[in-house]
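Q: I am new to this structure and would like a close look at one part of it, taken slowly and with the terms explained. Please begin with how the strands there pair, and then follow the contacts outward.

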Amino acid sequence: MPGEFVDQIFVAAKRWLLSLLPHAPDWVVQIASALLNIILLLGVFATLFALISVLERKILGRIQNRYGPNRVGPFGLLQPVADGIKMLIKEDVVPIRADKVVHFLAPIMMLLPAILALGVIPYGRNMTAFSIDGGILFFFAVGSAAELAVFMAGWGSNNKFSMLGAMRAIAQMVSYELPLLIVVLPVVMIVGSLSPDAIVAAQDGYKWGIVPRWFVLTPWGAAAFILFFVAGLVESNRTPFDVPEGESEIVAGHMTEYSGFKYATFFMAEYFGMFAVSGLAVTLFLGGWHAPIAWLEVVPSYLWFFAKLAVLLFVFIWIRGTLPRTRIDQVMSFAWKFMLPMAFTCVIAAAVWHYQAHGWAGWLSSLGIVAVVYLGLSRLLDTRRKFATRTYRFAE
Amino acid sequence: MNMSSRAERSVVEGPRDGTSPVIPRDPSTALGMTTRLDGELLEVSMGPQHPSTHGVFRMNVALDGETVVKLKPVFGYLHRNHEKIGENTSYLGSMPYTDRLDYFCSLTNNWAYALSVEKLAGIEVPERAEYLRIILAELTRLQNHASLLGFLLSDMGAWGTPLMYAFREREKILDLFESLAGSRMMCDYMRFGGCRVDAGPDWIGRAKKVLDAFPRFLDEFEKLLVSNEIVIARTQHIGKLTADLAISAGITGPMLRASGVNYDLRKVDGYGFYPRFKFRVPLGDHGDTYDRLMMRVLEMRESIEILKQAFEQIPAGPVMNPKVKLRSFRPPVGEAYGRIEGPKGELGFYLISDGSSNPYRYRVRPPSFINLTILEDLCLGHTVADVMVILGSVDIVMGEVDR
């Protein structure tokens, strides 16, 4: 079957490459297999990073009524190459009073967890680089190391702006880690597994042959997906939550004292973090690599994954081009007053849905729970008395 | 002006040699903030190299966490000796220098200077020239306010999107300036006794077309601005300026009117032909950043009304008083203060003549500089992020502040 072959072409290619070592001991084959996975993962995501960085600039350009980069190569597609060369040949300035070791390690520490987190996401049928049973747990365990790296950068630079940025970053990343983790709980509860592969498998199939069984199409799943996406925006320090590097306020936050390729590494880490969070969102709520319509399953599964990823990344860029920045105290109060109660509501709604056998009754009652809590919270947190549009008087 | 920046470098009270603990002035009573137990404040020097201090402006800020407890503005990094040069140059020779004061609104600067020289020497201005001046001043106001809103939203972290749309409109107005005066920003267009050249027959038509397209941009901009929750939450109740403080500090322009004081020189002085025009003066009730923002939006709408009337009424005729000898200009002995309502506030030129070809004293009253002196009072108790938004809403151009 040709569709099957195209779908599994990378898996087959890897198997063939490993078959070139026929008499090697098991451990050699295992190391070779892992290395192949790592090389492919880094290659794909480095390319995606280059592509997205130029696409972001082009999309932002269009949003802002101008052309993006269009000088280097066809449609400016070679711009990342030029940028990379520029970054590499720039002088690497280290402040004389910086903590040299910490200052050097911070960008590496920042990039590492993002790459590690990418390893557990299933990119297609049988295409998980490192299929771990506790994959979701691993994702968050390494993901939370990014906070440490931000603080290392802020502290090691010995700069007041860096310090302020790092303080803000720690505050908001720790606060949003909580809702980010809790909205994953309902999915884990329903599936009964922490393995990303099992979660994707649970979203297989179509109700009445048409509607995919993605979790985003349930009331609790939709709410959890939106919460996850917002928390993901914060975790990857993107607008409107780019408070830690708030350019107009604290220059570049924790990256103020970085230049050249170290700065590029931070940039890369931010994008890899964005890929990881979006990839996990696709896995958890958007059905992973499953096709949205049954007869579209002829399209290879990895293409579906990357198509969904691209849509999410576009939304990231779109939001960046549209919204102004919030203030740190607003970000924090949003986390504790709204995100956290809503995240717990998702858990309860998912439980109700599950114990009413995923049927209509469960669908409606979980929708009711989410709606009641949402409306109640909106009523409680109503700021219209303080913040509202105004009318003005005129003197003749 | 605070030129002794070195003496002011340490903005926190108390010795800094480490022998005794730094104890800040207790801010909890006066400013409503909590006193930190360890009494440690962070001193940050924002600027002169900073992405959003609108040029080479510097603020020494003392922070308690993120809260501003003290702020000292430091000026003078762009000082270019404007006033002394004015005393060593002929009256006409100062005209191009006035373009460089507030380089966003060179035409209103021209007008203010021309007005004070005309007062000094008692020069009449032809009717068509007065109308052209009003048209150009209101076009300047439109482009200044539009780009201010763009810059302000950029300071708020909107990544330049509003700025680019504001600049699209500004570009059209600058094209008009270019075809009239030959330069987009450094127009050097007005002369005492009129204007340098007449507007061509198609210029008014083109200006009308630009004006007709402007309300659409303004509607869109206002809708996005007013209904955006983040903008509202970032600007309302931030940087409040009471009417009393505004009056005693000499604040003028939209900033004063946002605090609810009805003071517009176009109405008060009635210079030029402004009494002939029907327009309203918008007034704010809260005096916060949002009101200052909205003042600009509403003023742009009034400017559009003025421009519409001006395009209908503008008569034919000469644009220059033929009696004025620009080259060998020697006004009689005396002094004069001419002021106009610039986009940023009251812009005045004070001239003393000793009968020679150069002014004896040449003094500028810059609205940006005087509006900026109030910055500390606006920022105290707010966060670092708010400082930038407040600074953006004051509307400064360093060329005018430092001169």
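A: Strand E8 (residues 345-353) of chain B runs antiparallel to E9(B), and six bridges join the two; helices (H or I, at least four residues) and strands (E, at least two) are DSSP runs, numbered from the N terminus, and two strands pair if DSSP finds at least two bridges between them. This is a predicted model, in which local features need pLDDT of at least 70 and side-chain atom pairs count only at pLDDT 80 or more, while totals for chains, interfaces and linings use all residues. Residues are numbered from 1 along each chain as its sequence is written, chains are lettered from A and ligands numbered from 1 in the order in which they are written, and side-chain values use heavy atoms, with hydrogens and water left out.

Within the pairing of E8(B) and E9(B), B:Ile352 has B:Arg361 of E9(B) standing opposite. The open sheet to which these strands belong has three strands in the order E7-E8-E9 (chain B), paired antiparallel. Its edges are strand E7 (334-342) and strand E9 (359-365) of chain B, each of which pairs on one side only. From one strand to the next the twist averages 10°, where axes are lines fitted to C-alpha atoms, for helices over the stretch in contact, and angles run from 0 to 180 degrees between N-to-C directions.

A helix packs on this sheet: helix H4 (residues 106-121) of chain B touches E7, E8 and E9 of chain B, and its direction makes about 150° with that of E7(B); contact here means heavy atoms within 4.5 Å. H4(B) also meets helix H5 (residues 127-155) of chain B, for the axes of the two come within 9 Å and cross at roughly 140°. The crossing of H4(B) and H5(B) is left-handed, a word used if the near helix is turned anticlockwise from the far one by less than a right angle, with right-handed meaning clockwise. On the H4(B) side the contact includes B:Leu107, B:Trp111 and B:Glu118, and on the H5(B) side B:Glu130, B:Arg133 and B:Ile134 are among the residues. By class, the contact of these two helices has six nonpolar, two polar and three charged residues; Ala, Val, Leu, Ile, Met, Phe, Trp, Tyr, Cys and Pro count as nonpolar, Asp, Glu, Lys and Arg as charged, and the others, Gly among them, as polar.

H5(B) leads on to other parts of the structure through B:Ser154, which has its place in that helix. B:Ser154 touches A:Ser248, B:Gly160 and B:Leu163, if residues up to four places away in sequence are not counted. From B:Ser154 to B:Val389 the C-alpha distance is 9.1 Å, although 235 residues separate them in sequence.

The contact with A:Ser248 brings in the other chain. In total, 56 residues of chain B are in contact with 35 residues of chain A. About 4,100 Å² is buried between chain B and chain A, and carbon and sulfur atoms give 57% of this area; buried area is the accessible area (1.4 Å probe) that two parts lose on being put together, summed over both. Five salt bridges are found across this interface, a salt bridge being a side-chain nitrogen of Lys or Arg within 4 Å of a carboxyl oxygen of Asp or Glu. A:Arg168 forms a salt bridge with B:Glu66, with 2.5 Å between the closest N and O atoms.

Chain A also lies against a second sheet of chain B, since helix H8 (residues 160-182) of chain A lies across E1 and E2 of chain B, running at about 115° to E1(B). Helix H15 (residues 384-394) of chain B packs on that sheet as well, touching E1, E2 and E3 of chain B, and its direction makes about 150° with that of E2(B).
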